[in-house]
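Please look through the sequence and the model below before reading on. The paragraphs that follow take up one pair of helices, then the core, and then a pair of strands.

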Amino acid sequence: MKTRTKKFVQHLSHEIEDEDVAESYLDESLPLVGLVVMYFNAVEKSLDSFICETISDRSDTFGLIVIQKLMYSAKLDLFKRFADEFHLTFESKPDSFDLLVQELGEIARLRNLVVHADWSSTDEEGYTFVRLKGSKEGLLQEYRQFSVDSLENLIERIIAANHLFSDYWEWRSERLSNHGMRKDEA
């Protein structure tokens with residue numbers, strides 16, 4: 001996603017020269033926003049299931065109580081802490097684990113940009129206002145270009161992250177079934 005900024009001057013405003021072209025751009029892009037949301041929600045539900053199973057493999061009740069009001073970032077942190085403890089206990093960690101955690105955080109950041117963008121500010125080039133940010137020159141309005149290609153790439157990235165997560169869960173399950181019990185239970 002390409003980025004551009006413009007200096008904030010007294011009022012938040014956006015320059016849209018050709019509203020018909022901007023509308024056409026939105027018609028192409030907005031269906032993909034729904035797919036970003038849908039596929040990201042699948043990742044979050046996988047994370048929920050993992051946490052619930054880690055807390056108790058007998059019932060999701062206690063896990064759901066724990067995660068009930070947690071935001072995604074808190075769930076990701078909880079997942080990482082559970083996984084770190086698992087790695088210590090089993091003295092094993094897959095090479096891809098750090099990449100997995102990094103990617104789960106990055107897709108959340110990108111998803112938030114898409115979901116919280118001010119879509120009514122989209123211009124004819126597809127640049128959409130995403131936030132104000134501070135700089136040495138003062139406040140800047142930040143815009144991201146949510147092109148069809150960039151949104152499709154994000155969807156593919158989210159799906160790939162979910163596959164990485166599934167691979168990790170399978171790796172963890174294999175360790176549990178192969179060891180039967182933890183080293184501190186021996």
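In this predicted model, a useful place to begin is the packing of helix α1 (residues 19-55) against helix α4 (residues 97-115), whose axes lie 10 Å apart and meet at an angle of about 145°. The crossing of α1 and α4 is left-handed. On the α1 side the contact is made by Val 33, Val 36, Val 37, Phe 40 and Val 43, while α4 contributes Leu 104, Ile 107, Ala 108, Arg 111, Val 114 and Val 115. Sorted by class, the residues of this contact comprise 10 nonpolar and 1 charged, with no polar residue among them.

From this helix pair the reader can turn to the largest nonpolar core, which has 40 residues, and in which Tyr 72, Phe 79, Leu 104, Val 114, Phe 146, Phe 165 and Tyr 168 have the most contacts. At least two residues of this core come from each of α1, α3 (72-90), α4 and α5 (148-179), and α1 gives the most, with 10 residues.

Phe 146, one of the core residues with the most contacts, deserves a separate look. Apart from its neighbours within four places in sequence, Phe 146 is in contact with residues including Met 1, Tyr 25, Leu 113, Val 114, Trp 119, Val 130 and Leu 151.

The strands complete this tour. Strand β2 (residues 127-135) and strand β3 (residues 138-145) run antiparallel and are joined by 8 bridges, and together they form a hairpin with 2 residues between them. As an example of this pairing, Lys 133 has Leu 140 of β3 as its bridge partner.

Conventions
Residues numbered from 1 in each chain as written. Predicted model: local features only at pLDDT ≥ 70, side-chain atom pairs only at ≥ 80, totals over all residues. Heavy atoms only, no water. Axes fitted to C-alpha atoms, helices over the stretch in contact; angles between N-to-C directions. Helix = DSSP H or I, 4+ residues; strand = E, 2+ residues; numbered from the N terminus. Left-handed = near helix turned anticlockwise from the far one by under 90°. Contact = heavy atoms within 4.5 Å. Nonpolar A, V, L, I, M, F, W, Y, C, P; charged D, E, K, R; others polar. Pairing = 2+ DSSP bridges. Core = buried A, V, L, I, M, F, W, Y, C linked by side-chain atoms within 4.5 Å. Buried < 20%, exposed > 50% of the residue type's maximum accessible area, 1.4 Å probe, protein only.
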